[in-house]
Amino acid sequence: MEHFVSDLKKIREQARRHMEAGAVTEGYKADREQVVAVLNEVLATEIVCVLRYKRHFFMARGIDADSIKAEFLQHANEEQQHADWVAERITQLNGEPNFNPEGMASRSHSQYQEGSSLIEMIKEDLVAERIAVQSYSDIARWLGEDDPTTRRLIVEILKSEEEHAEELANMLTKVAN
């Protein structure tokens, strides 16, 4: 392993040069505008998931509903946390988080499907989680090392989405039998 060497004089000069850019320095390798656009899609996806889970929480009925309602509410709260993290990252990249409801469904990777029965609700949530897992995996690979902070954020959210998918698959097995 080579000895770590960094040109501190150059780093200090660059840090002073564009202070208004905040966290975005000359070392940022990704296409910032493209990353912000993708993060706004992730933001829409998370918000749509919050709304779907909240509806399912309030609409769940049946003998198995109480424990499943608790999971729906927990997932809604976790999806809201993801949305907040993504909005914060967008602003760190000098972008603007798009919370405009107009076009939210078209920006979202997952769909807003209501489901009329408990089983249908679980299935719709599971499909949405599977979409998020695949989509966020693709985003993490796309980011690579060009934006390690955003990549870590997406990977952290991905981990949670995988857990949600596993929990929903288990719920579906229990309720269906």
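In the predicted model, a salt bridge joins the side chains of Arg-52 and Asp-125, with an N to O distance of 2.7 Å. Because Arg-52 belongs to helix α2 (residues 32–59) and Asp-125 to helix α5 (residues 118–143), this pair ties together parts that are 73 residues apart in sequence. Both Arg-52 and Asp-125 are buried. The side chain of Arg-52 has a further partner in an aromatic ring: Arg-52 lies over the face of Tyr-53, at 5.7 Å from the ring centre.

In total, four salt bridges are counted in the structure. Another of these is formed by the side chains of Asp-147 and Arg-89, at 3.1 Å from N to O. This pair, too, links distant parts of the chain, with Asp-147 in the loop between α5 and α6 (148–176) and Arg-89 in helix α3 (residues 65–92), 58 residues apart. Asp-147 has a relative accessible area of 1% and is therefore buried. Arg-89 is likewise buried, since its relative accessible area is 8%, which falls under the 20% limit.

A salt bridge is also present between Arg-141 and Asp-138, whose closest N and O atoms are 2.7 Å apart. Both residues lie in helix α5, and because they are three residues apart, about one helical turn separates them. With a relative accessible area of 57%, Arg-141 is exposed, whereas Asp-138, at 37%, is partly exposed.

The nonpolar interior was examined next. The largest nonpolar core contains 28 residues, of which Val-86, Tyr-136 and Ile-154 touch the most other members. Helices α2, α3, α5 and α6 each contribute at least two residues to this core. The greatest contribution comes from α2, which supplies nine residues. When residues up to four places away in sequence are not counted, the contacts of Tyr-136 are Val-42, Thr-45, Glu-46, Ile-154, Ile-157, Leu-158 and Glu-161. Ile-154 thus appears among the contacts of Tyr-136 and is itself one of the core residues that touch the most other members. A second core, separate from the one just described, comprises 16 residues, including Tyr-53, Phe-57, Ala-76 and Val-175.

Two aromatic pairs were found in a search of the whole structure. In one of them, the ring centres of Tyr-53 and Phe-72 are 6.2 Å apart and the planes stand at 45 degrees, so the arrangement is tilted. Tyr-53 lies in helix α2 and Phe-72 in helix α3, so that the pair links parts of the chain that are distant, 19 residues apart. Both Tyr-53 and Phe-72 are buried. The other pair consists of Phe-57 and Phe-58, which are arranged edge-to-face, with 4.8 Å from centre to centre and 75 degrees between the planes. Phe-57 counts as buried because its relative accessibility is 17%; Phe-58, in contrast, counts as exposed at 52%. The ring of Phe-57 is also approached by a charge, as the charged end of Lys-69 sits over this ring, 5.2 Å from its centre.

Tyr-53 and Phe-57 therefore recur in several of these descriptions: both are included in the second core. Tyr-53 is paired with Phe-72 and has Arg-52 over its face, while Phe-57 is paired with Phe-58 and has the charged end of Lys-69 over its ring.

Notes:
Residues are numbered from 1 along each chain as its sequence is written. This is a predicted model: local features need pLDDT of at least 70, side-chain atom pairs count only at pLDDT 80 or more; totals for chains, interfaces and linings use all residues. Side-chain values use heavy atoms; hydrogens and water are left out. Helices (H or I, at least four residues) and strands (E, at least two) are DSSP runs, numbered from the N terminus. Buried means under 20% relative accessible area, exposed over 50%, partly exposed in between (1.4 Å probe, protein chains only). A nonpolar core is a set of buried Ala, Val, Leu, Ile, Met, Phe, Trp, Tyr and Cys residues joined through side-chain atoms within 4.5 Å. Contact means heavy atoms within 4.5 Å. Rings of Phe, Tyr and Trp (its six-membered ring) pair if their centres lie within 6.5 Å; planes under 30 degrees apart count as stacked, over 60 as edge-to-face and the rest as tilted. A charge sits over a ring if NZ of Lys or CZ of Arg is within 6 Å of the ring centre and within 35 degrees of the ring normal.
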